[in-house]
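Colleague: Please take me through one part of this model at close range, from the surface inwards. I would rather have one connected account than a list.

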Amino acid sequence: MAEPGSDYWLKLGTTPEQLMKVAEEYRTMAYAPYSRFFVGAALLMDDGAVIGGCNVENSSYGVTLCAERIAMGNAVSSGRVRPLAIAVAGDADSFCSPCGACRQFLAEFNPNMDVILRKRGRLVSIPLSSMLPYLFKLEDDER
Ligand code: THU
């Protein structure tokens, strides 16, 4: 199993570009008839598995689920709970960064994971910890 913080990309034989490519593939599956904003996400897990998700909207707008949370749910459903990185693919021309709810949701599983985003055509890697300072945690929770 690769450790967060180590050079896990090399160890697991994948690249941020490849992870983003999977996110883009999942983006094509997005169900977004209301916003028409299609998003895909791909997680690199510590065993090397790459697990994706897309946003799923609902006519009751508020129950819409983002691609990042669907991907993380898919990972947990496959028995994997240790993500090292996530790539998020939104509209090619806009900077698509995880919403606050997704940041909290992802931090449950690894507050230090790397978030790979596309900014002005280039990939950037941002630690989730810097996107969500003072995250909520249950007191005395030692999980
Ligand atoms: N959305 C995501 O799936 N991930 C993000 O990082 C930002 C927003 C979705 C939710 C909704 O279906 C649509 O994009 C517009 O907000």
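Modeller: R36 is the place to start: with a relative accessible area of 55%, R36 counts as exposed, because the cut-off for that class is over 50%. This is a predicted model, and the values below are computed from it. R36 sits in the loop that joins α2 to β1. Its phi is near 60°, a positive value in a residue that is not glycine. For background, most residues other than glycine have a negative phi.

The sequence neighbours of R36 lead to the ligand. S35 and F37 both belong to the residues around the ligand, as do V39, N55, E57, T64, C66, A67, E68, C96, S97 and P98. Three side chains of that group make polar approaches to ligand oxygen. For E57, an N or O atom of the side chain is 2.5 Å from an oxygen atom of the ligand. For N55, a polar side-chain atom lies 2.9 Å from a ligand oxygen. For E68, the distance from a polar side-chain atom to an oxygen atom of the ligand is 2.6 Å. On its own the ligand has 380 Å² of accessible area, and the protein covers 80% of it.

A67 and E68 carry the description from the ligand into helix α3, which spans residues 67-77. Which residues of α3 are buried? They are A67, E68, A71, M72 and A75. These five lie on the same side of α3, because the arc they cover around the axis is only 130°. The general reason for such spacing is that an α-helix has 3.6 residues a turn, so residues three or four places apart point the same way. The cover over the buried residues of α3 includes β1, β2, β3 and α4. E68 thus appears twice, as a buried residue of α3 and as a polar contact of the ligand.

I70 is also in α3. Beyond four places in sequence, I70 touches G53, C54, V56 and L65. I70 and I51 are 19 residues apart in sequence, with their C-alpha atoms 9.9 Å apart. Just after α3 comes G79, with a positive phi of about 90°.

Helix α4, which is part of the cover on α3, runs over residues 100-107. Its buried residues are C102, R103, L106 and A107. Here too the arc around the axis is only 130°, which puts these residues on the same side of α4. They pack against β1, α3, β3 and α5.

Within α4, L106 is worth following. Aside from its neighbours within four places in sequence, L106 is in contact with L43, E68, M72, I86, M113 and L128. Among these contacts of L106 are E68 and M72, both of which are buried residues of α3. E68, which has a polar side-chain atom 2.6 Å from a ligand oxygen, therefore also links the ligand to this packing, where contact means heavy atoms within 4.5 Å.

How many residues are in the largest nonpolar core? There are 21, and L43, M45, I86, L106 and L128 touch the most other members. Two or more residues come from each of β1, α3, β3, α4, β4 and α5. The largest share, 4 residues, is that of α3. Another core, of 13 residues, lies apart from this one and includes W9, M20, A85 and A87. As a general matter, nonpolar side chains in soluble globular proteins tend to be buried together.

W9 also has a contact in a loop: T14, between α1 and α2, touches W9 and L44, with residues up to four places away left out. Is T14 buried or exposed? T14 is buried, at 13% relative accessibility.

Towards the end of the chain, I126 lies in strand β5, residues 122-127. With 23% relative accessibility, I126 is partly exposed. I126 is 10 residues from I116 in sequence and 6.5 Å from it in space, C-alpha to C-alpha. The contacts of I126, beyond four places in sequence, are M113, D114, V115, L117 and M131. M113 is one of the contacts of L106 as well.

Y134, in the segment after α5, closes the account. Y134 is not a glycine, and its phi is positive, about 55°. At 84% relative accessibility, Y134 is exposed.

Methods
Residues numbered from 1 in each chain as written. Predicted model: local features only at pLDDT ≥ 70, side-chain atom pairs only at ≥ 80, totals over all residues. Heavy atoms only, no water. Buried < 20%, exposed > 50% of the residue type's maximum accessible area, 1.4 Å probe, protein only. Arc of directions from axis to C-beta. Core = buried A, V, L, I, M, F, W, Y, C linked by side-chain atoms within 4.5 Å. Near = heavy atom within 4 Å. Polar contact = N/O pair within 3.5 Å; in protein donor to acceptor, adjacent residues only side chain to side chain. Areas by Shrake-Rupley, 256 points an atom, 1.4 Å probe, with all protein chains shown as cover.
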